[in-house]
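Hi everyone, thanks for making time. I'd like to walk you through a structure that's probably new to most of you, so let's put it up on the screen.

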Amino acid sequence: MSAVYLNTLSENASRLGMRIQESLAEHSRELTIKTSSSLYLEPDDKGKNIRKQLDSSSDREKLDAMKRLVALISKGRNVSEYFAQVVKNVASQNLEIRKLVYIYLLRYAEQEPDLALLSINTFQKDLTDSSPLIRAMALRVLSGIKVPMIGSIVVLAIKKCAADMSPYVRKSAALAIPKCYELDASHLPALIGIISTLLRDRSPLSIGSVAVAFEAVCPTRLDMLHQQYRRLCRILVDVDEWGQIDLLNLLLRYARTMLPRPVQEEIDSDVKFLLTSAEPLFQSRNPAVVLAVTRVFYYAGPPSYHSRMVQPLIRLLHTSKEIERVVVAYVLAVSRSAPNLFSPFYPQFLLRTDDLRQVKQDKIKVLLVLANFDTHQAILREFIDCADDPDDEVVSDAIRAIGKCAHSIPDCTQQCLTALITMIKNHRDAVVSSAVMVLKYLVQSQLSASSSSSFAAVAATPQQSPLTIISHLARRIDDIRHAQARACVLWLVGQYSASNEPSSGPQGVVEWAPDVLRKSAKGFASEPPMVKLQIITLATKLLVLCPSDRTLCLISGYVFSLAKYDLNYDVRDRARMLLGLLSGLGLSEAVGAKDPDQDSRGGVILRREQVRLVLFEGKIGVVDAEEELDLNVALGSLGMITHKPMHGDSSLPDWLERGVESSLRDTEDDAPPPPPPMTFSSSAPLPQRSKGLASPVVLTPSGGSPTGASKPQWTDLDKFYEDEDDEEEEDSESEEEDEQVAEVEAEESAEGSEDDEDSDSSDEHNSSHPGHR
Amino acid sequence: MAIDGLIILDTTGRPIIQSGFRSTSPAYPLLHVDAFNNAMPKSHRPGDIDPVIYVPPYNVADSPSACCHVECGDMRILCPMSGDVDPLFGFAFLQTFIDILHEYFGALSAATLKDNFDVVYQLLEETLDSGGHPLTTSPNTLRDIVLPPSLLSKLLSVAGANINSTINSGSGLGSAGGPFSSPIPWRKAGLRYNSNEVYFDMVEELKAIVNKHGTTLTSSVWGKIETNAKLSGTPDCLLTFTNPHVITDCAFHPCVRLQRWKRDSSLSFVPPDGHFTLAEYRFTPSASATSARFMSAGASVAPSAKENVPIPFILKPAVELTESGGTFEFKLTSRMAFEALVVEMYLGEGAGGVKCVATRGDGNGNIGRRGDVVTSGSASGSWTFDARKMVVRWEIPVVPLSSTWTLRGSFTSSGSKSHPAHALQVRFAASSYTFSSLKVDQLKVTGEVYKPYKGVRGRAIGSVEWRW
């Protein structure tokens, strides 16, 4: 080994020497050192000499030219015209030039397929290079050239690399498979063959990419996974973080397709094994991995397992603003189906003023879902605080949430009403209008369900019964300036102004209603159309209730005559319609709006009771304005965040009732392992033994993770660095293994055991050291 | 899971660097740049922009996509994605890529990246497959493949001899180093240091919300163990704590053996070389109070939600709002020593004419004048008004224990649509302090003969929202 090393070293040294000599001779006249590459990004580079530079014999010139080309690419220029010159440099000895050439080729190979073919020989040669980096790069570029003609060459190259010694190259091979498939789907059988070879790969490094290839090329061939399922679960912890995500998604899909549905708490041993293997990954630093594990628990775990995903999701909330934005939306989706999971943690969802708007709005929704008997006090206070937010949209969301709170938790209805009525006195448009809309919604829903218990609780306190609220609103009509809110109050007053109690005002009408009409009639001309419509409706309703009152007739007459000549045709139309309705009451004279040709027109004239029915019962039913459309998308997909259907959002398949035969998944790997290492507790879960038997897997969180107790594999790093206890195990390994790496391992562990005893304690290093800045 | 590509925008919203895109439509990246640049001015407050922007399809045949983006120095990095992808995947990759850029170039700015655009392109090529799948993201391995910019490499490249070619293109197989020769994916092989050192920085952040009556609504402490390892060979470290039960909800660097942590709450790992975050955790005050001896994150015993960490200061805000502005007075009393205390309040759109007096205790301060950014004060604390963000900022560089500080002032606001935030944002830092008082018991290094130099340091930062 050391001889080889020495050889290389001397070879490199001599090469360096030669190169320096050469170039010094060549460039001795140029003494300026370019200190930064930004010069390449200067706007006036027209690419004049690039062609000449690329053809020059000096590496330096070529490198310069390639940098200029890449700079032009990043400026968005099309530089495909240099393709021929660039391809010639693909075999350059200089790695940096070669890399830049690769970058260029990957972008333009598609446009110049014929010229790209020129480079294929070089890549094929590179596939046998001694450096895994070169081999992998060659394959990456080769598979990136989108020329259908070379499809079979690419398949051969992938096959070769799939059997490569280096897991990194095998990884590139796996990633090349989907590209080859896209290029020419006729190679499918060969590619599936390669995938099934790669699936058996013992190294956890490449398995994530194999999962990618599997999903892209043959997603329906889950039967290929039967034999690998348990092993894949076992190596999950050792896979790199990006691979873990793809592998978890694949295993989840396998479980949902092939394994029996968990009924209550009785779950299949293989489902349990997946959950046990995935659980340690909740501690990954990568938020996407944590979410992939959450998906597994949410979609494959029985309800008792769901509580375990709560804390990890809450941890993600504190990672960064962007991640918080996404995770809050997921929490909302989860808590809608299981509100009790997150309700003890509601303080984590209190709003901060510096949160993003989207986060604030989602947090309000989450809090609303979490509000229950125990938490509603605090959550309601939070909503009331949110009504002071600088952002109007957040304010209206918060106030709407108060209304929903009042609706869903009868205990706090009183408190909500008090808060809402206080808000009406606010100076802020957004607050007042939202509060009025919510009050309307509450009053309506309570009056319509006045026999229900939620109303009874409120009615017990007379000063806050729905009618008192309306009268309260009616008295404050001058303070309510927001158009929509004003219109809403006017409608409420009209709708609920019928009264049988004797009062000082007109008969049959509540005391405060006529005054509202008087006040609003005064400013009729300056009101927006929306309010005008409601004023004439109010006038009509009052007239129907009390046709005999002289003052009411006069005010209404005034309002109608204004409305008849209004600029807005909606107002004119409404006035005409209402007058038509009123014609049966014999009031047309009094109102002063007699239609000259009414008699000639004929038609049906309604009696007073009928008019009343039309006016008051015409619009019934409480409509909650915004009901979010449920896209039914899965957790962890783009559609859940954008709230729009994204093409390609796939839903998970439903469970099988029985699942496929469990013995299909039995392999020799599952044979009883050698006695577990001493370091592990006896409660460590043992891997699956044989079919049908009661599962020996113990799901104790304190036990070792499944990898720990599994049969030793040469790539398992935990095992690799395990103390010397493991040595006897290593001896007992009898499987065929990659000799090279086994050799490395033996070396390393021998080295490790030498120094094992050299463990020094350092109790004092807690104090800050002077050398540590 | 795959993203579509990566676009780096400069301050003006123009792309400086972009990766290759797997989409066939050349308009695709442009659509995303446009979508971002359109959304930016519409934001309600500067920076308040949805991190996931929906991008409608360009034509009927296309599918809709989304643009995830993060801020990075003075730049924005966009990550377009489409189909059935988790946005967290995009954000996780963006974070990883930004960490790599930090590792290579230090402080990041558009100018730095323009200076080194060829290195950035090489990094993109190595970290992101053309299909949008992350490839090599471990900084240790990357350093073997893409050479960090240094004066030496520039000199050599001027001399025409590229150091890469001497390292890599030769027949340097296996033992001599070179890419992918290390058996551990996150650690470089064959490292040699003259002095072996390892440092642990425990950084804890207090996040809290206090209501107008001074009651803490929620508070939690999130900690990180930032590590800088300069160790030769393949050291196997074992870090133990005297009180591991005070931390929970942990997340670890991939090098940490999870089952070892589960078993006896010690961190056993072969560290990567250089800077990395070993672990992240949450401090559980209740665990130290009750005798819950051992609580691993996996055990997920739902702890009581009411475990609050005390806020180390008291703030008494008094604000009065009128039709055309308002006056305010903030009184702050510290319960421990801080550095760099910053109190901020958003005054709402159209605010201006800010006049303040910052004093320490009862002493007199200076009065600033009107203007866009007005500054006043010295040792008594200073204040500024940021006219872009509409934020009045009160800064006190050093706050001794139990000292009192006051900021008195007034502002005017034009337009009825301005609404100041009903909360103050308080940020502070305190060195050599941790909320959890998590203590390292010892660090054992096995597998190598040397005894490394070890250092542990604590640091606390806080971010408290105080409502009024």
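Okay, one thing before we start: this is a predicted model.

Let's begin with chain A. In chain A, 67% of the contacts between residues at least 6 apart in sequence join residues at least 24 apart. What about its secondary structure? Chain A has 40 helices and zero strands. And how much of the chain is buried? For chain A, that's 46% of the 773 residues.

Now the inside. The largest nonpolar core has 329 residues, and the ones with the most contacts inside it are Ile158(A), Ile177(A) and Ile402(A). Which helix gives the most to this core? That would be α25 of chain A, residues 429–448, with 11 residues.

Let's zoom in on one of those isoleucines. If we leave out residues up to four places away in sequence, Ile177(A) touches Ile158(A), along with Leu191(A), Ile194(A), Ile195(A), Ala213(A) and Val217(A).

Right, over to chain B, and to sheets. A quick reminder: strands of a sheet pair through backbone hydrogen bonds, and they can do that parallel or antiparallel.

Here's an open sheet of four strands in chain B, and the order is β12-β13-β18-β15, with antiparallel pairing. At its edges you'll find β12, residues 313–322, and β15, residues 351–360, each of them pairing on one side only. On average, neighbouring strands here are turned by 10° against each other, if you ignore direction. Look at the β12(B) edge: β12(B) pairs with β13(B), residues 325–334, in the antiparallel sense over 10 bridges. One pair to click on there is Thr322(B), whose bridge partner in β13(B) is Gly325(B).

Next, a sheet with nine strands, also in chain B. This one is open too, the pairing is mixed, and the order goes β9-β11-β7-β6-β21-β19-β14-β17-β16. Why do β9 and β16 of chain B each have one side left without a neighbour in the sheet? Because β9 (247–252) and β16 (382–386) stand at the edges, with a single partner strand each. From one strand to the next, the twist averages 20°.

Let's finish with a pairing in that sheet. Strand β7(B), residues 216–230, and strand β11(B), residues 274–283, run antiparallel and are joined by nine bridges. If you want a spot to look at, find Asn228(B), which stands opposite His275(B) in β11(B).

That's my tour, thanks for listening!

Terms used: Residues numbered from 1 in each chain as written. Chains lettered and ligands numbered in written order. Predicted model: local features only at pLDDT ≥ 70, side-chain atom pairs only at ≥ 80, totals over all residues. Helix = DSSP H or I, 4+ residues; strand = E, 2+ residues; numbered from the N terminus. Buried ≥ 20, exposed ≤ 12 C-beta atoms within 10 Å, placed from the backbone. Contact = placed C-beta atoms within 7 Å. Core = buried A, V, L, I, M, F, W, Y, C linked by C-beta atoms within 7 Å. Pairing = 2+ DSSP bridges. Axes fitted to C-alpha atoms, helices over the stretch in contact; angles between N-to-C directions.
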